[in-house]
Amino acid sequence: MRELQLPDGDRLPVLGQGTWGMGERRAQRAAEVAALRHGMDRGLQLIDTAEMYGSGGAEEVVGEAIRGRRDDAFLVSKVLPSNAGRRATIRACEESLRRLDTDRLDLYLLHWRGGTPLAETLDAFAELQDSGKVRHFGVSNFAPDDMAELFEHELGRRSATDQVLYNLTRRGIELDLLPWCQQRDLPVMAYSPIEQGRLLDQPVLQQIAERHAATSAQIALAWVLAREGVCAIPKAATTAHIDQNLQVLDLQLSEHDLGELERAFPAPNRPVPLEIL
């Protein structure tokens, strides 16, 4: 599995498994657990979840999937801004650990910016790290101004990633946030890399997919993974979908392919507000 290097030298897989939408329907739970386990069997260690997903249900699904094989997973979860105070963050993390049935998270993120001073959340992250409940911490949905403020804090400069919306139709981060992170060797974690499926009917993706005997989703995901310093966490709720995502690691887009995608999905020519789903 290809990897990125975190600022402290640890490694982060470039491709993971997202869980947004999991844990919401009891009838789908067995299939969701099976998909996550199949992904781990195939080497997809990175699993991303959050206390918000399914009101904790997604964490419970992940907890069942990793039971008995915790060391096979690089586990990421997130705290809501409403729980971002110092004591509240620690309580939220402990609740996430309970639902995940584990003693530690590999990465814990502030889900998006709220009204709590960053210093409070960072103090909580540091306490969780010192206690061994969190190995790394970082942020999600932080715009360049937010990142600059984050890095004004000594603890903020220990952040491991910014997880943001990024795909062929959401390229605004290329003008400011992505270069900012690249200059600091800070990986960017891309969520919704195929725009929740809305990209799949685009003719140019279908044409390129035919040339590679691939799917439109695989081409869109391969484009994201070709970006320097970027990993991706697409959701895959079936074993077949997991296998298709893994095939992307061997898919090489040509300069001609990349040129076609650039013309069809140009980046904005001026900074735009950070987009969030």
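In the predicted model, L105 of strand β6 stands opposite V134 in strand β7. This pair belongs to a parallel arrangement in which β6 and β7 are joined by 5 bridges. The connection between the two strands is helical: β6, α4 and β7 make a right-handed β-α-β unit. Helix α4, spanning residues 118-130, lies across β5, β6 and β7 (134-140), and runs at about 155 degrees to β7.

Strands β6 and β7 are part of an open sheet formed by 8 strands, whose order is β3-β4-β5-β6-β7-β8-β9-β10 and whose pairing is parallel. The edges are occupied by β3 (16-18) and β10 (230-232); each has a single partner strand, so one side of each is left without a neighbour in the sheet. From one strand to the next, the twist averages 30 degrees.

Within this sheet, β6 (residues 105-110) also pairs with β5 in the parallel sense, over 4 bridges. The bridge partner of V76 in β6 is L107, and that of K78 is L109. Between β5 and β6 the chain passes through helix α3 (residues 86-100), and the resulting β-α-β crossover is right-handed. With regard to accessibility, 6 of the 6 residues of β6 are buried, so the strand is largely enclosed by the rest of the structure.

Strand β5 (residues 74-79) is likewise largely enclosed by the rest of the structure, because 6 of its 6 residues are buried. The side chains divide between two directions: F74, V76 and K78 point one way from β5, L75, S77 and V79 point the other way, and all are buried. A lysine, K78, is thus listed among the buried residues of this strand.

The pairing of β5 with strand β4 (residues 46-48) is parallel and comprises 3 bridges. Here I47 stands opposite L75 in β5. The path from β4 to β5 leads through helix α2 (residues 57-66), again as a right-handed β-α-β crossover. A further residue of β4, L46, stands opposite F74 in β5.

Helix α2 also packs against helix α1 (residues 29-41). The axes of α1 and α2 come within 9 Å and cross at roughly 50 degrees. This angle lies outside the ranges that count as roughly parallel, roughly antiparallel or roughly perpendicular, which makes α1 oblique to α2. The crossing in which α1 passes α2 is right-handed. On the α1 side, the residues that meet α2 are R29, E32, V33, L36, R37 and M40. Their counterparts in α2 are E60, V61, V62, E64, A65 and I66. The two sets include charged side chains, among them R29 and E32 in α1 and E60 and E64 in α2, together with aliphatic ones such as V33 and L36 in α1 and V61 and V62 in α2.

Two individual residues were examined in the context of these elements. The loop between β4 and α2 contains G56. This glycine has 1% relative accessibility and therefore counts as buried, the cut-off being under 20%. Apart from neighbours within four places in sequence, G56 is in contact with E51 and R99. The C-alpha atoms of G56 and L274 are separated by 26 Å, the two residues being 218 residues apart along the chain.

The second residue, T89, is located in helix α3. At 0% relative accessibility, T89 counts as buried. When neighbours within four places in sequence are left aside, T89 is in contact with V79, N83, A84, Y108, T121, A124, F125 and L128. Of these partners, V79 is one of the buried residues of β5. Helix α3, which carries T89, is the helix through which the chain crosses from β5 to β6.

Terms used
Residues are numbered from 1 along each chain as its sequence is written. This is a predicted model: local features need pLDDT of at least 70, side-chain atom pairs count only at pLDDT 80 or more; totals for chains, interfaces and linings use all residues. Side-chain values use heavy atoms; hydrogens and water are left out. Buried means under 20% relative accessible area, exposed over 50%, partly exposed in between (1.4 Å probe, protein chains only). Two strands pair if DSSP finds at least two bridges between them. A crossover is right-handed if, with the strands pointing away from the viewer, the path from the first strand over the helix to the second runs clockwise. Axes are lines fitted to C-alpha atoms, for helices over the stretch in contact, and angles run from 0 to 180 degrees between N-to-C directions. Angles under 35 degrees count as roughly parallel, over 145 as roughly antiparallel, 65 to 115 as roughly perpendicular and the rest as oblique. A crossing is left-handed if the near helix is turned anticlockwise from the far one by less than a right angle, and right-handed if clockwise. Contact means heavy atoms within 4.5 Å.
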